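Grab a pencil and get comfortable. Below are some short exercises, each with a worked solution to check yourself against.

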Amino acid sequence: MSEVASEHAVEAQAQRPGPPAAGPAPSAQPRRYRPPVSRLWWLRRTSYLLFVLRELSSVFVAWFVVYLLLLVRAVYGGSDSYRQFLDWAASPWVVVLNIVALAFVVLHAVTWFNLAPRALVVRVQGQRVPSWMVAAGHFAAWAVVSAAIAWIVLGGS
């Protein structure tokens with residue numbers, strides 16, 4: 001576009017009524033007040049703390065998956081590889097990490113089972129089953145599966 005044409009475009013814009021095409025200047029827009037938020041805002045309420053801890057628990061769930069895959073690889077590698085894995089797994093930092101991970105996975109499971117009645121609506125004969133009964137069913141199933149696994153692992157008769 002030539003200089004003459006661009007000058008005519010500027011003059012035409014200046015003669016048109018209304019706001020300029022680009023909108024109001026940024027300084028003319030009102031600024032919204034945003035109160036400062038602490039980085040530890042989630043410590044103020046128990047529900048927020050549980051939410052953040054539950055989200056953090058996914059890291060420990062992932063650790064258990066990696067740990068299980070390492071165990072499977074060690075078993076597949078033979079008795080020497082399995083013995084090396086057991087020696088590594090018995091080191092204090094791995095034991096502590098697994099204990100912390102277990103606590104987070106239990107927190108993850110408990111909070112998930114407590115949330116289930118909100119996502120899962122069960123009706124019997126047209127009546128909604130109370131939330132506590134849905135959660136109790138989940139916890140009971142968890143206990144039965146855990147007992148069965150413990151029976152298998154501990155060499156039940």
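A polar contact is a pair of N or O atoms within 3.5 Å; within protein, one must be able to donate a hydrogen and the other to accept it, and residues adjacent in sequence count only if both atoms are side-chain atoms. Keep in mind that this is a predicted model, where local features need pLDDT of at least 70, side-chain atom pairs count only at pLDDT 80 or more, and totals for chains, interfaces and linings use all residues. Residues are numbered from 1 along each chain as its sequence is written, and side-chain values use heavy atoms, with hydrogens and water left out.

**Exercise 1. Find the backbone oxygen that pairs with the side chain of Ser91.**

Step one: locate Ser91, which sits in the loop between helix 3 (79-89) and helix 4 (92-119). Helices (H or I, at least four residues) and strands (E, at least two) are DSSP runs, numbered from the N terminus. Step two: look for the partner, and you'll land on Trp88, whose backbone oxygen lies 2.7 Å from a polar atom of the Ser91 side chain. Step three: check the cover. Ser91 has a relative accessible area of 16%, so it is buried (buried means under 20%, exposed over 50%, partly exposed in between, with a 1.4 Å probe and protein chains only).

**Exercise 2. Work out the chain's overall layout.**

Start by counting: there are 5 helices and 2 strands. Now read along the sequence, and you get α-α-α-α-β-β-α. Next, how much is tucked away? Buried residues make up 13% of the 157 residues.

**Exercise 3. Describe the surroundings of Trp42.**

First, place Trp42 in the loop between helix 1 (3-15) and helix 2. Second, list its contacts (heavy atoms within 4.5 Å): leaving aside neighbours within four places in sequence, Trp42 touches Tyr48, Leu49 and Val52. Third, take Val52: it is 10 residues from Trp42 along the chain, and their C-alpha atoms are separated by 7.2 Å. Fourth, a polar atom of the Trp42 side chain lies 3.3 Å from the backbone oxygen of Arg39. Finally, with a relative accessible area of 22%, Trp42 is partly exposed.

**Exercise 4. Is Gln125 buried or exposed?**

Find Gln125 in the loop between strand 1 (123-124) and strand 2 (127-128). Its relative accessibility is 81%, so Gln125 counts as exposed. While you're there, check phi: for Gln125 it is near 50 degrees, a positive value in a residue other than glycine.

**Exercise 5. Test whether the length of helix 5 fits its number of residues.**

Helix 5 covers residues 131-153, which is 23 residues. The expected span of a helix is 1.5 Å times one less than its number of residues, so helix 5 should span 33 Å. Compare that with its end C-alpha atoms: they are 33 Å apart, which agrees. After helix 5 comes Gly155, with a positive phi near 75 degrees.

**Exercise 6. Where is Arg73, and how far is Phe85 from it in space?**

Arg73 belongs to helix 2 (residues 46-76). Its relative accessible area is 61%, so Arg73 is exposed. Now count to Phe85: Arg73 and Phe85 are 12 residues apart in sequence, and their C-alpha atoms are 9.3 Å apart.

**Exercise 7. Classify Ile149 by its accessibility.**

Ile149 is in helix 5. At 48% relative accessibility, Ile149 counts as partly exposed.
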